[in-house]
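Ready for a short walk through this model? Open your viewer, switch to a cartoon display and keep the selection tool handy.

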Amino acid sequence: MFTLQLFSFLFSKTQEEPTKKFKVDSFLHTMCLHDDQLRDISARFQAEMKKGLSAESNAAAAIKMLPTHVRSTPDGSERGQFLVLDLGGSEFKVLRVNVREGMGIRRGGVEMEERSYPIPQELLVGRGAELLDHVSESLKDFLHEKNISLEMKHPLAFTFSFPCELSSLDQGSLLSWSKNFRARGLQGKDVVQALRDAIGRTGGMNTEVLAMVNDTVATMMTCGFEDKYCEVGLIIGTGTNACYMEELRHIDLVEGDEGRMCVNTEWGAFGDDGALNDYVTEFDREVDAASNNPGKQIFEKMVSGMYLGELVRLVVLKMATLGLLFAGHVSNTLRTKGKVTIAHVAAMEEYKHGVENTRLILTDLDLTPSLDDCIAVQHVSTIVSFRSSNLVAAGLAAILTRIKQNRKLRTFRITVGVDGTLYKTHPQYPKRLHKVVQRLLPEYQVRFVLSDSGSSKGAALVTAVAQRLASQKRKVDETLSLFRLSSEQLQLVKARMRAGLEAGLRGEGPSEIKMLPSFVSRPPDGTEHGKYLALDLGGTNFKVMLVNFKKGLQPSSQVYHKIYTIPLEKMQGTGEELFDHLAECVSDFLDYMGIKNARLPAGFTFSFPCEQTAIDAGTLVSWTKGFKATDCEGHDVVDMLRDAIKRRNEFELDIAAVANDTVATMMSCAYEEPQCEIGLIAGNGTNVCYMEELKNIKTTEQKKRQMQDDGSDGERKAGDARIQTMCINTEWGGLGDHGSLDELITPYDAEVDLNSLNPGNQRFEKLAGGMYLGEVVRQTLLDLTSRGLLFRGNVTDALKTPGIFQTKYLSQIESDRMALLQVRSILQGIRLDSTCDDSIIVKEVCGAVSRRAAQLCGAGMAALVEKIRENRGLDHLNITVGVAGTLYKLHPHFSEVLQETARVLAPQCHVTFVQSEEGRGKGAALITAVTRQKEEM
């Protein structure tokens, strides 16, 4: 009969329905939220999130933003068998979960066996120890039932769906109960330890509790196993909560700033501090007052399934009391708390049978509803549940907006994993939620995925991910330990360097360190003046400079320069082609400056190992840094340049001096700092020079006479004596060429050396020079990837390409200001698609390789300054080092590590490091000026 009435009603033109609905709308207008209000709520939620993340404001924040210590979502490589306890409602589950690793294109899978156990009502409000004893006994019963070995150790994950403050993945204190749980003695205690104690009391089981997670986190992890874009978890059931992957640098409550961590927002408490007071209705206040926790979980009481039925009941009761429903009749059943449930709300809003269901529900409440009453009550239910989905959408919009802003993305794709009875059983809820989120965030690509056995499966996955990350970290650390130098190893490098320096000075037999005389006998003294050309060849660029020195109380210089590229075909062609190109560049510069007819004295900085026989004569010993021009080694480079200038026949040049870049750097810094007696290059290559006493340079008598003839004016005062000196270009990059560093050489270094232009040579430089560090990193990344520890084991063509990982990337990636998203951007620029975890590992590899390089240079420097101190018979040495090179200048930590290493290894030496400006070219000009002064005396 009622069905016929309903059919007739729906097709009638009566005005009663809109009148009744209008009354409901008017009565509940404060529950009907428009988009501007939702954006306002979303903005308030964002502000509360920020408060919760800050150490300064967390204590006062309503939304606690609890770190979960879950640092990664699944990548499909997880595997293992786990036991899971899932406690969060009126019953709990025990499960055995088998996680199967994905292979090739086949995704990993999860197989589960489970059993649910009821929780007696008295345990919900009794002692916490008794509740956990019941959980433990049920676990043992499950093991017996499934014939699972009691002797074998089983990893166990614990889903505990209540607010906890975790200090680690397996340690967390209960902050407060919710959902009608009020067990005594657990609040403020470590729940994991309490569970371990309960398992111990039960006895007869061998388990290891590895992780405790919230149901929201578990939901995210479950969906993340199927969808790599899932980084948000959402629960809309008896309670409500959300979690998401936050940048670690924003979580003040956890040390570290690399990577991400899942944050459990505990958003049910939003509004506990009054932030939602202007949106809270009289019905919300009544629900709150009658709850187990008045004043707490305000947002949850406006949203979750546990309270929506009660909200509907209170609205219907008020309208009936006012005579707006049931002709003013109010039954005792309608007055009884809890008589309308979320199941009733869902039934009332069914698409086809909603009105009929509403009639049956109202009848069960001892009411006699008219058709108008049924439609009105259905409308009440719709408004209450619609408000819930709107509020959830506002909170979710805040979280998604924060993630997008954190990552500075223009386009944004993300998946939200969802679980909970309200979302799963309410016929309209998911569609409403999705539409409102899309309306609030129209430019976001948001996908919702329903979790399958989310809280249970997810707990196992959290444990599996934790095991994977721990195993991965252990293996990565083992690899990077090859680059970590102990104090003993650094002392060994210092000793080997010292021995190499001494052997090179003696000149007896072959030496790893050449110790080449530079014929520069003294540093500048400030009296230098005039115009000089400086030519600087040391890498892929050739720099031509005009330097004008002015003497006076404050000596100064003016520098004009132009930089020219050296094409690869010139670097590796014939010597004549290379030097003709240099002459062409000089000609262009002279034209540019309008001084082509002036025959200026010039200094030539030639940054390759040369054996000098005079200040203006140097024979190339060997090419380095990628140069391989033929017919140059064994020839005088000054003569080769002079010949090229003659062939060009356009200008004349007086090449008065040739110098190594290291010597030029020392001279440049000595112009400003008189105590500078050491030059250091830490750039593409590495080298050091210093002022040595002439008497210590044991070489052939012929060369000694040449050095005395050219360097006799180089003197340093020591007491009343005047000591003759000369700058020695050590060419320390050759240390290790005869095997002295073999115990420090890693397989990655060996591979870089093997594929270099000069295998077996410049071994120290290949450990410390910028030209090689990027390639050492690439070889390390290639190995880690081939072992499945990086880039999901995907060895790309890019990763197999020599030279693709440039050393400049180390400086960029290790910058303290470099967020991991920027690291990913750098990697993507060289066709390496990385996750956040990959980016962390790449940064660790870069740090290990560059730190070792800096430490090696620091150990070498310690050997040198200790030698100088002992030569001079000093208890304490004060000395300045002039430094040049992009690695020292641009890398964020290289200089600091180098200086600290030198300080520790040479405690009786105070070494000041001064960066050289325009060092090599200006230094060559100064050498020329000093040489010309000497000739004029």
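## A tour of one sheet and its helices

Start by colouring the protein chain by confidence: this is a predicted model, with a mean pLDDT of 88 over the chain, and 92% of the residues reach 70 or more. For the two extremes, select helix H1 (residues 2–10), where confidence is lowest at a mean of 42, and then helix H30 (residues 894–905), where it is highest at 97. Now widen the selection at the start of the chain to residues 1–17: pLDDT stays under 50 there, and the model has 15 contacts beyond four places in sequence for this stretch.

Next comes the sheet. Which order do its strands follow? Reading across, you will find E17-E16-E15-E18-E21, an open sheet of 5 strands with mixed pairing. Select residues 556–565 for strand E17 and 654–659 for strand E21; these are the edge strands, each pairing on one side only. Turn the view to see the twist, which averages 20 degrees from one strand to the next.

Stay with E21 and add strand E18 (residues 601–606): the two run parallel and are joined by 5 bridges. To see one pairing, pick proline 601 and look for aspartate 654, its bridge partner in E21.

Now bring in the helices. Select residues 575–593 to show helix H19, which packs on the sheet and touches strand E15 (530–537), strand E16 (541–550), E17 and E18. The direction of H19 makes about 130 degrees with that of E17.

For the last stop, select helix H21 (residues 661–672). H21 lies across E16, E17, E18 and E21, and runs at about 125 degrees to E18.

Methods: Residues are numbered from 1 along each chain as its sequence is written. This is a predicted model: local features need pLDDT of at least 70, side-chain atom pairs count only at pLDDT 80 or more; totals for chains, interfaces and linings use all residues. Side-chain values use heavy atoms; hydrogens and water are left out. Two strands pair if DSSP finds at least two bridges between them. Helices (H or I, at least four residues) and strands (E, at least two) are DSSP runs, numbered from the N terminus. Axes are lines fitted to C-alpha atoms, for helices over the stretch in contact, and angles run from 0 to 180 degrees between N-to-C directions. Contact means heavy atoms within 4.5 Å. pLDDT is the predictor's confidence in each residue, from 0 to 100.
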